[in-house]
Structures are given as C-alpha cells and as structure tokens.
Amino acid sequence: MADTADSRTPAQIEADIKRRREVLAETLDEIGARVHPKTIVGDAKAKVASHVDHTVGRAYVQVNRVVSEVRAQFVDEDGAPRLERVVPVALVAVGLVGLLALSVRRRRD
C-alpha cells in the first residue's frame with residue numbers, strides 16, 4: 001500500500017488549500033470569460049474576418065497576376081504600347097460600343 005503519511009503541518013495544508021482555491025477561482029473566471037456569449041460572438045467574428053482577409057488577399061494576388069499578364073500582351077519590355085495588338089482591340093471595342101448604341105436607338109424608336 002502507498003504511504004499516506006503527510007509530513008506537512010496544518011498551516012501548510014491550509015496554505016496549499018488556499019492556493020489551490022485561488023488557482024481554481026482563476027481557472028473558473030477564465031472559463032466563464034471564454035464561454036460568455038459576447039466572447040463567442042467576438043471570436044466567431046474574428047475568425048470570419050480573418051477568413052475574408054485571406055480570401056481577399058488571394059483574390060488580389062490573382063487579379064494582380066491577370067492584370068500583369070494582360071499588360072504584358074499590350075506593352076513591350078520598354079513600356080511602349082504594342083500597336084499591332086492595341087489597334088485591333090481598340091477597333092473591336094469601338095465596334096461593340098457602336099453596336100450597343102444602335103441597338104439602344106432601335107429600341108427607343
């Protein structure tokens with residue numbers, strides 16, 4: 001059988017009990033703060049905000065990559081526009097705007 005003899009004095013035992021109660025009270029306070037509805041809602045909001053920030057950051061990187069790739073199609077290494085690519089795209093854009101303007105005019109008449 002295990003030795004159950006305690007060599008502590010009653011004052012030491014009382015001090016240990018008091019210290020243990022303080023630790024338990026602190027732990028209970030911490031648990032109470034963690035399970036408080038405002039804390040739970042705040043944690044949920046923080047988690048959602050973090051996820052949104054992460055998603056927005058990834059989207060920003062993707063958009064930045066696409067813009068860089070498109071820019072590379074229309075601008076050479078020196079920064080000058082590539083007219084052989086810019087002119088046809090501009091003509092198509094003007095044509096589309098013209099078609100849209102005609103279709104709006106026809107609907108009104």
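Which pattern does the protein follow when read along the sequence? The pattern is α-α-α. Colleagues, the model shown here is a predicted one. The protein contains three helices and zero strands. Its radius of gyration is 36 Å, whereas the globule rule gives 13 Å for 109 residues, so the protein is more spread out than a compact globule.

Allow me to turn to the overall dimensions. Along the principal axes, the C-alpha atoms occupy a box of roughly 100 × 45 × 25 Å. The accessible surface amounts to about 10200 Å², and carbon and sulfur atoms account for 62% of that surface. Of the 109 residues in the protein, buried residues make up 0%.

Next, the charges. There are 18 positive and 16 negative side chains in the protein, and a distance of 12 Å separates the centres of the two sets.

I should also address confidence. The mean pLDDT of the protein is 90, with 94% of the residues at 70 or more. Among the elements, helix α1, residues 10-34, has the highest mean pLDDT, at 95, while helix α3, residues 83-108, has the lowest, at 90.

Finally, I would like to consider one residue, asparagine 64. This residue lies in helix α2, which covers residues 37-74. Is asparagine 64 partly exposed or buried? Its relative accessibility is 38%, and because partly exposed covers the range between under 20% for buried and over 50% for exposed, asparagine 64 counts as partly exposed. In sequence, asparagine 64 and arginine 8 are 56 residues apart; in space, their C-alpha atoms are 70 Å apart.

Terms used:
Residues are numbered from 1 along each chain as its sequence is written. This is a predicted model: local features need pLDDT of at least 70, side-chain atom pairs count only at pLDDT 80 or more; totals for chains, interfaces and linings use all residues. Side-chain values use heavy atoms; hydrogens and water are left out. Helices (H or I, at least four residues) and strands (E, at least two) are DSSP runs, numbered from the N terminus. The radius of gyration is taken over C-alpha atoms; the globule rule is 2.2 Å times the number of residues to the power 0.38. Buried means under 20% relative accessible area, exposed over 50%, partly exposed in between (1.4 Å probe, protein chains only). Accessible areas come from the Shrake-Rupley method with a 1.4 Å probe; for residues, only the protein chains shown count as cover. Lys and Arg count as positive and Asp and Glu as negative; His and the chain ends are not counted. The place of a charge is taken as NZ of Lys, CZ of Arg, CG of Asp or CD of Glu. pLDDT is the predictor's confidence in each residue, from 0 to 100.
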